[in-house]
Amino acid sequence: MRLWSLLLFPGLLVCVLFPLTDCEEQRLPDEKLLVVTVATKETDGFRRFMRSAKHFNYTVKVLGRGQKWNGGDYMSAPGGGQKVRLLKAALEKMKTQDKIILFIDSYDVIFTSGPEELLKKFQQARHKVVFSSESLIWPDRHLEDKHPHVREGNRFLGSGGFVGYLPNIKEMVADWTGEDNDSDQLFFTKIYIDPAKRKAINITLDSKCRLFQNLHGALDEVVLKFEDRRVRARNLLYDTLPVIIHGNGPTKLQINYLGNYIPNTWTFENGCTLCHEELRPLTALKESEYPLVVIGIFIQQPTPFVTVFFERLLKLQYPKNRLKLFIYNQETHHERQVSSFLKDHGSLYQDVKFIGPEEEMDGVASRNLGFDMCRKDKDCEYFFSLDIEVVLKNENTLKILIEQNLPIVAPMITRAGRLWSNFWGALSVDGYYARSEDYVDIVQGRRVGVWNVPYVSSVYLVKADLLRSELTEYELFNSHILDPDMAYCHNIRSKGIFMYVTNMHTFGRILSTENYQTGHLHNDLWQIFENPVDWQDRYIHENYTYIMKDKLIETPCPDVYWFPLFSDVASNHIVEEMEHYGKWSGGGNVDNRIQGGYENVPTVDIHMNQINFEKEWHKMLLEYIAPITEKMYPGYYTKCASPLNFVVRYKPDEQPLLAPHHDASTFTINIALNSKGIDYQVNEEEQPGSRSYRT
C-alpha cells in the first residue's frame, strides 16, 4: 500500500510518494519482551503476580529464588540493593541486544493488560528506558530540586518498575557496587537526576501513568474500571489505563483490594473466576484420611444460646475422630453447659483440652495457646478458630473451608438484619474499621466470591503449615495498643500473608451479646429483642411458618382456633422459669397484684411482669400471634395490648375455688405448655401429683 502526501511551499506544489511503513514504527513483537523480577520466596503476593502474568502470557524470569533476602525492610526504610545486584548479574548473561527488559517488583504488583499494549506504550514514550513515576519523593527529599520538571504528571522516579532495551539497562546498572541493603531507589534516582547520564542512557518517566501506576500518594486517583469480562484500573487524574499496578509503600491493602478484581478475578459477567481453582477436594477421601483439625472454642463473655452452639458443633459434618477440641471458658456462668457437653460427647473426639475459669488464663493467652497446640502437633493440618457467639448453620462449613485450600480463610457471617460482619473490607489510617467500596455488596450477597481482606475474626481456618513456618512467634495475639483480634491480623498482614473471606455459601450469623443478662434460669428467653432470629429458631414451633400455607389451623368450634406456636424447649423453659421463681399465687380471690385486689376467677399463677418478662411476651404476641389474628379476622389489626399475661399451674385439688366460667375478655389466648395436644385439662383420670401449665 502506498500513500500520497502533499507538501506545500510558497508558490510551489510538490507531490511526494512514500511507503506507509516509513511513517510509523513497526510494532515490537511480544517475544522480544522479558519480564524480570526478584522473589527470594513464593509469597501469596508473588503467586498473585504470576497468575496475572500467566493470564496475559508474559514470559517471566525470577531471580533470587531460594536465596536469603538481605535487602532490608525496604517497604518502610531504604533498601532493595540486592535486587540491583541480582539484575546486574542476570543481564550480563544475556546477549540478545534487541531484547526488551521489564524489571518490576512482584510481591505487590498486578498486570492489567498484555505485552502488546505495554510495548506499544513503551514505543510511544520515544525513549530507551522508561521508569515508573511517583508524586512523592523517596528516599532523599533533599534531591527534589534536582529532578527535571515535567509539563504534566509526576516528576519523581519510582524504582519498582522500569522497561527498556537490554543494552541501555545494562549500561544503567553497570556501575552498581553497593551493598544488598542499600537503596535501589536512591541509586536509580541519582542516575536520573544526572543530566549527562539521563541523556546517555535515554531515560524518561512514565509521568501520566500510562504504563505503571504506583499507588502510594495516588489512592484517590485510582478506581476500578469494569470492562467486558475483565477489570482494569483507571487513573482519573490523567485519564489513563495503566498496564501495571504497584502497591508500593504503605498501599498493600489497596493492591489487595484491586487484586480481588484485576484482571479478571471477579467480573459482573462471570462472577468469581478463581474460586474453583487449586481446590483441595475431600469427597474422594475415606474418613480416616481426612485432615486432622484442632477446633479452638473460645468463651470470653456471657453469651446466649450456648447450648445450641454445642448442638450445632455436634452436627458439623466432619469425622469426629479427625477432630481435636481446645475449649477455653472464661465464664463461670457457662460451666454447666460446657461440662454437660464434655460429659455426654467429649469421648467422640480424638482429644479434648479444656481450660476453665479456675485457671485464670486471659483471652489473649488462650488464643496463643490454642495456636501452639496445633503448631506442636505434627498431625495437625488445620486450626479452626470458633468463638462461642458464632452460629454455624451450615453443617459443611469446615469441609468447605478446607477445600478452598487457602492459608487463612473465614466463612462470612453477619449479624441478622445488620451490615455488621466478621470481616473488614478496609482499614482506617489508625488501623481500625473502614468500609471498602464493595463491602455492602459482599455482605448483602450482590457480589459473591472469595475476597482478600485485611481483617477477619470470630471464625476462621488457618493452615498448620503456616503456623510452623511463617507464624512461629508464640504471641501472635499480643499488643499493648490493639485488641487481640486486631493484633493477630496486623501480624498476619505484616508478613505478607493473605486473609480471605468467602461468601460463596450461606454459613450462618453472629450473635449479639449486648444486654445479655444472666440473672434468670433460662436467660435465652429474654433474647427476643437482641437476637430475634435465634430466639425464633429455639422457641417457635418448627411448623409455625407453615400454618397458613398448609392449613394447620384447626377450628374445634366457632371462633376458636388451634395452631402450633411454641417448641417443646420453649414450653419447658417457661415452666422451669416459673417454677424457679416459685412465687405462685394462692389461688384465692384476694390478689394484691391486680387493680382492686380481688380476683373473680382465681388461679394458681405467676404474672409475666413478676419475672420481668412482660416486654418480651408482648413482643412475642406482636410477632407471632398478631399475624395469625389478622389472617383469621380480615380488616382487624391488633396491637396486642394485653392488660394481664400470666402462667397458670393446674394441679389436682390445688384450685378448689376455680369453677367453670366464661372469660370476660374480648378474646383469650391459651398456650398449652406441657402437652402435645392443643389444650390440656386436668381430669379425674390423672395420677395424683400430676400438673399442667398454660399461659
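Which residues of strand β28 point one way, and which the other way? In this predicted model, Met-499 and Val-501 project from one side of β28 (residues 499–502), while Tyr-500 and Thr-502 project from the other, and all are buried. In a regular strand the side chains alternate between the two faces of the sheet. Strand β28 is paired with β21 (residues 408–411) in the parallel sense through 3 bridges, and Val-409 lies opposite Tyr-500. With β25 (residues 450–453), β28 forms an antiparallel pairing over 4 bridges; there, Met-499 is the bridge partner of Val-453. Strand β25 is also among the elements that cover the buried residues of helix α7, together with α1 (44–55), β6 (109–111), β11 (222–227) and β13 (244–246). In α7 (residues 252–259), those buried residues are Ile-255, Asn-256, Tyr-257, Leu-258 and Gly-259.

An open sheet of 6 strands is found with the order β4-β3-β5-β8-β7-β9 and mixed pairing. Strands β4 (60–63) and β9 (203–206) occupy the edges; each has a single partner strand, so one side of each is left without a neighbour in the sheet. Neighbouring strands of this sheet are turned against each other by 30° on average, direction ignored. Helix α1 packs on the sheet through contacts with β3 (33–38), β4 and β5, and its direction makes about 160° with that of β4. Within the sheet, β5 (residues 100–104) and β8 (residues 156–165) run antiparallel and are joined by 5 bridges, with Ile-100 opposite Tyr-165.

Helix α2 (residues 81–92) comprises 12 residues and spans 17 Å from its first C-alpha to its last, close to the 16 Å expected at 1.5 Å a residue. The helix is mostly covered, with 9 of its 12 residues buried. These are Gly-81, Gln-82, Lys-83, Val-84, Leu-86, Leu-87, Lys-88, Ala-90 and Leu-91. The cover over the buried residues of α2 includes strands β3, β4, β5 and β8, as well as helices α4 (166–173) and α5 (184–193).

In soluble globular proteins, nonpolar side chains tend to be buried together. The largest nonpolar core of the model holds 94 residues, of which Ile-295, Phe-384 and Tyr-488 touch the most other members. Strand β16 (residues 292–299) supplies the largest share of this core, 6 residues. Beyond its neighbours within four places in sequence, Ile-295 is in contact with Leu-313, Leu-316, Leu-323, Lys-324, Leu-325, Phe-326, Phe-384 and Leu-386. A second, separate core consists of 38 residues, including Tyr-539, Met-608, Ile-611 and Met-620.

Gly-296 is likewise located in β16 and is buried, with a relative accessible area of 0%. Not counting residues up to four places away in sequence, Gly-296 touches Phe-326, Phe-383, Phe-384, Ser-385 and Leu-386. Although Gly-296 and Leu-386 are 90 residues apart along the chain, their C-alpha atoms are separated by 5.8 Å. Strand β16 also packs against the buried residues of helix α8, as do α9 (335–345), β19 (380–387), β20 (390–392), β29 and α15. In α8 (residues 306–315), Val-306, Val-308, Phe-309, Phe-310, Arg-312 and Leu-313 are buried.

Tyr-460 belongs to strand β27 (residues 459–463). Because its relative accessibility is 3%, Tyr-460 counts as buried. With residues up to four places away in sequence set aside, the contacts of Tyr-460 are Phe-371, Phe-383, Phe-384, Ser-385, Val-409, Ala-410, Pro-411, Phe-477 and Tyr-488. Among these, Phe-384 and Tyr-488 are also named among the core residues that touch the most other members. By contrast, a separation of 26 Å is found between the C-alpha atoms of Tyr-460 and Thr-332, which lie 128 residues apart along the chain.

Ser-512 is situated in the loop between β29 (508–510) and α15 (532–539). With 2% relative accessibility, Ser-512 also counts as buried. Its side chain reaches the backbone nitrogen of Glu-514 at 3.4 Å. Further contacts of Ser-512, leaving aside neighbours within four places in sequence, are made with Pro-304, Arg-415, Gln-527, Glu-530 and Asn-531.

Technical notes
Residues are numbered from 1 along each chain as its sequence is written. This is a predicted model: local features need pLDDT of at least 70, side-chain atom pairs count only at pLDDT 80 or more; totals for chains, interfaces and linings use all residues. Side-chain values use heavy atoms; hydrogens and water are left out. Buried means under 20% relative accessible area, exposed over 50%, partly exposed in between (1.4 Å probe, protein chains only). Helices (H or I, at least four residues) and strands (E, at least two) are DSSP runs, numbered from the N terminus. Two strands pair if DSSP finds at least two bridges between them. Contact means heavy atoms within 4.5 Å. Axes are lines fitted to C-alpha atoms, for helices over the stretch in contact, and angles run from 0 to 180 degrees between N-to-C directions. The expected span of a helix is 1.5 Å times one less than its number of residues. A nonpolar core is a set of buried Ala, Val, Leu, Ile, Met, Phe, Trp, Tyr and Cys residues joined through side-chain atoms within 4.5 Å. A polar contact is a pair of N or O atoms within 3.5 Å; within protein, one must be able to donate a hydrogen and the other to accept it, and residues adjacent in sequence count only if both atoms are side-chain atoms.
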